[in-house]
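Student: Please take one part of this structure and go through it closely. Then set that part in its surroundings.

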Amino acid sequence: MEKCKVMIVGVGGQGTLLASRVLGRIILRHGYDVKVSEVHGMSQRGGSVVTYVCWGKKTYSPVICEGEADFIVSFELLEAARWAQFLKKDGILITGTQTIDPMPVITGAAEYPENIPEILKKAGIRTETLDALSIAESVGTVKAVNMVLMGKLSRHFDLPESEWLETIAEVVPEKFISLNQAAFIAGRKEE
Amino acid sequence: MKQLMLGNEAVARGLFEAGCGFVSSYPGTPSTEITEYAAKYDEIYAEWAPNEKVALEACFGASVYGVRSMCGMKHVGLNVAADPLFTLSYTGVNAGLVIAVADDPGMHSSQNEQDSRNYAIAAKLPMLEPSDAAESLSFTKLAFEISEKFDTPVLLKMCTRVAHSQSIVEPGERTALPVKAYAKDAAKYVMTPAFARGRRPGMEDRMQAISEFSETSGVNRIEEGKDSECGFITSSTSYLYVKEVFGDRFPVLKIGMCNPMPDSMIKSFAKTVKTLYIVEELDGIMEAHVKALGIRCKGKEVFGNIGEFSQNTIRKALSVKIPDCVSADLKIPARPPVMCAGCPHRGIFYVIRKLGLTVFGDIGCYTLGSAPPLYALDTTLCMGASVSGLHGFNKASQVSNFLLDGADPSNDNTVCVIGDSTFLHSGMTGLANVSYNGSNSTVIILDNSITGMTGHQQNPTTGWNLKGDPAVKIDLEALCKALGIERVRVVDPYDLTRCEQVLKEELAEDEPSVIISRRPCALLKYVKHAGPLTVDPEKCVGCRSCMKVGCPAISVKNKKAVIDTTLCTGCRVCAQLCKTGAL
């Protein structure tokens with residue numbers, strides 16, 4: 001926790017930006033020097049997106065390179081595979097099991113690889129999977145996938161649940177607060 | 001209280017605290033949020049101008065009146081604003097004038113990765129280069145001080161990783177400023193040759209004075225190191241990457257003002273280290289300067305001049321161990337950005353592709369139409385180049401073919417596409433050229449009623465302004481007619497049959513025409529959608545006809561079309577291609 005680098009990856013439009021803002025804000029509460037690097041503009045349009053959250057006593061670079069991430073939180077399986085080499089050797093990959101076909105797969109120019117979680121685990125990557133989409137749906141909205149995954153990530157940090165819920169309330173629009181908090185709690189319960 | 005702020009948000013905070021009262025900008029990633037955040041302060045008047053040149057000239061006017069002003073843009077926007085920029089260096093300012101320009105190394109969202117620092121040198125203007133959000137705030141305030149103290153516009157150079165990274169900021173209070181009285185001064189503000197010659201020597205004195213200021217002002221600083229085996233002169237994000245790798249091991253001269261450079265500091269710093277490295281993204285500008293001072297150093301030869309740096313760039317260049325990583329043996333398909341499900345551009349692009357036209361493209365979401373399966377564009381150059389480029393293409397074809405066989409070709413297989421905001425930015429003048437010089441060009445304006453790619457900014461055709469108030473809505477049909485185009489047609493891009501019919505008719509005509517393909521962006525909050533389509537598996541024969549439109553909401557699984565109901569808006573563009581009525 002003293003020094004940590006977290007990557008949040010997914011497909012443009014999945015809500016990765018909001019997830020990184022929640023994480024950045026809760027870390028700030030604990031007095032760390034935190035940086036959150038975002039992606040805006042063209043790549044947001046259904047492309048592969050990545051945000052970085054880095055903290056420590058002193059943080060310089062806002063970006064994460066290959067072999068540096070303590071955690072990768074992925075919203076989609078192919079994106080988990082794409083960014084896996086950014087994990088450090090004993091890093092942890094948390095991924096939702098949702099799949100979204102990229103355009104080369106839709107047009108038939110490429111194939112979506114099968115059994116991604118198994119292949120990642122075989123390669124020696126500590127991989128935790130969860131069906132974040134179904135969990136989000138069960139609490140009331142597919143749009144809260146990001147909070148389900150943040151809930152799962154939160155299990156690795158020694159921070160009280162109440163603080164996470166307060167931070168979510170600071171970041172999301174008022175009418176969606178309870179929905180997002182419920183999604184977070186559901187994700188946090190996932191073994 | 002400490003807050004996390006985006007670099008761009010921190011610039012806006014700096015504007016507020018510095019008593020800036022006037023902001024005029026044109027949106028462009030990664031600069032857009034500066035102006036959007038500035039607009040949230042009631043104390044600041046903020047507007048979207050039709051283009052960067054207009055915006056900068058408006059800021060000049062506000063400065064002359066006596067109000068601190070700021071103009072924000074992306075790096076390529078400074079090309080558009082370069083005309084006023086170079087002469088503003090001669091006139092100087094009344095109240096402070098700051099130009100925030102955001103570079104995009106690595107081209108996350110741009111058509112090139114030009115280095116804006118070259119403009120500071122060419123226009124003889126001071127330029128500040130923050131590394132993070134806290135500096136974005138403090139340098140913005142400093143920029144106004146320098147502007148007024150030395151009678152000069154000041155450039156504030158952002159880049160993607162500074163603009164779009166959040167870091168810790170401690171906001172301060174606003175200093176409200178009285179209007180600085182304007183006094184008529186033709187020798188200062190009227191740049192005729194005689195007056196401009198009068199101003200020119202002062203620009204040299206000014207840069208000399210700013211250079212002396214930069215030596216002692218604290219904007220540049222030396223950070224001691226334990227080991228003098230090597231040392232770094234660096235700025236912006238490159239400074240962060242050097243520190244990430246080496247911490248306090250080696251001394252660093254951190255440059256906050258990259259033009260003019262602090263020569264005395266550089267000379268004394270260079271004496272304290274054995275090997276001097278210059279670390280800067282893109283061009284070797286500081287390196288050339290240091291070398292011109294007669295100091296041996298290494299820069300581009302080890303770090304390169306292409307793309308965005310990271311801490312691994314530094315490690316690789318200086319043979320520091322790269323962290324180990326594990327990778328899985330997987331072939332991973334690329335995931336390029338795509339036009340959204342329900343995007344109104346998709347239908348017209350499908351028709352264009354079907355007719356096999358040559359297409360001059362422009363800058364906006366519709367640039368994504370160049371990707372498979374639509375392959376709809378032949379060129380993309382810069383804002384407005386679609387209209388003017390098509391004119392040149394068609395005119396050259398007319399002239400060449402007329403010379404060869406005496407026949408006047410009809411230019412019946414070429415069009416250009418340009419968005420509503422881009423047309424107002426730089427397309428109108430191109431259209432005036434089409435009508436005035438008479439090329440038989442068919443111009444398609446993709447009017448989605450918003451500036452889309454940069455994240456939904458209002459423009460003069462939308463009927464709303466930046467502050468969210470109703471505004472004059474420029475009538476595109478009347479505008480095109482006023483620019484000399486007799487034939488102006490409007491189509492709904494969701495109606496493929498009608499689009500094809502109108503396109504064929506206008507291509508067949510022997511005079512220029514404009515087709516306005518009009519439907520608001522599917523992501524706009526006020527746009528109501530019909531709801532997702534369903535596939536009738538009995539009727540679907542798996543022919544993949546619906547896949548020709550390249551919509552992210554349709555795929556074919558087990559020889560049947562599948563609709564992603566979380567994405568599909570029900571635009572029915574794909575359904576019009578289905579031969580069996582399965583959609």
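**A strand and its neighbours**

Tutor: In chain A, strand β4, helix α2 (residues 77-83) and strand β5 form a right-handed β-α-β unit. Right-handed here means that, with the strands pointing away from the viewer, the path from the first strand over the helix to the second runs clockwise. Helices (H or I, at least four residues) and strands (E, at least two) are DSSP runs, numbered from the N terminus.

The model is predicted, and local features need a pLDDT of at least 70, side-chain atom pairs count only at pLDDT 80 or more, and totals for chains, interfaces and linings use all residues. Residues are numbered from 1 along each chain as its sequence is written, while chains are lettered from A and ligands numbered from 1 in the order in which they are written.

Strand β4(A) covers residues 69-74, and 5 of its 6 residues are buried, so the strand is largely enclosed by the rest of the structure. A residue is buried if 20 or more other C-beta atoms lie within 10 Å of its own, exposed if 12 or fewer, and partly exposed in between, with C-beta atoms placed from the backbone.

The strand has partners. β5(A), residues 87-96, runs parallel to β4(A) and is joined to it by 5 bridges; two strands pair if DSSP finds at least two bridges between them. Within this pair, A:V73 stands opposite A:I94. Strand β1 of chain A, residues 4-11, also pairs with β4(A) in the parallel sense, over 4 bridges. There, A:V9 has A:S74 as its bridge partner.

Chain A as a whole has 8 helices and 6 strands. In order from the N terminus, its elements are β-α-β-β-β-α-β-α-α-β-α-α-α-α. The radius of gyration of chain A is 16 Å, close to the 16 Å that the globule rule gives for 191 residues, so the chain is as compact as a globular protein of that length. The radius is taken over C-alpha atoms, and the rule is 2.2 Å times the number of residues to the power 0.38. The C-alpha trace of chain A spans about 45 × 35 × 35 Å along its principal axes, and 59% of the 191 residues are buried. Of the contacts in chain A between residues at least 6 apart in sequence, 63% join residues at least 24 apart. Two residues are in contact if their C-beta atoms, placed from the backbone, lie within 7 Å.

Next comes the nonpolar core. The largest has 162 residues, and the members that touch the most others are A:M7, A:I72 and B:L156. Such a core is a set of buried Ala, Val, Leu, Ile, Met, Phe, Trp, Tyr and Cys residues joined through C-beta atoms within 7 Å. Leaving out residues up to four places away in sequence, A:M7 touches A:V50, A:Y52, A:I64, A:A69, A:I72, A:W83 and A:F86. Another core of 62 residues lies apart from the largest one, and B:A376, B:L496, B:I554 and B:L583 are among its members.

In chain B, B:A143 sits in helix α7, residues 133-149. B:A143 is buried, with 30 other C-beta atoms within 10 Å. Residues up to four places away in sequence aside, B:A143 touches B:V98, B:L128, B:V154 and B:L156.

A second right-handed β-α-β unit offers a parallel to the opening one: β15(B), α18(B) and β16(B). In β16(B), 6 of the 6 residues are buried, so this strand is largely enclosed by the rest of the structure. On one side B:T442, B:I444 and B:L446 are buried, and on the other B:V443, B:I445 and B:D447 are buried, so to speak covering both faces. β16(B) pairs with β15(B) in the parallel sense over 5 bridges, with B:C416 opposite B:V443. β16(B) also pairs in the parallel sense with β18(B), residues 513-518, over 6 bridges, where B:I444 stands opposite B:I515.

The buried residues of helix α17(B) pack against β14 (358-360), β15 (414-419), α18 (420-436) and β16 (442-447) of chain B. Those buried residues are B:A385, B:S386, B:V387, B:S388, B:G389, B:L390, B:H391 and B:N394.
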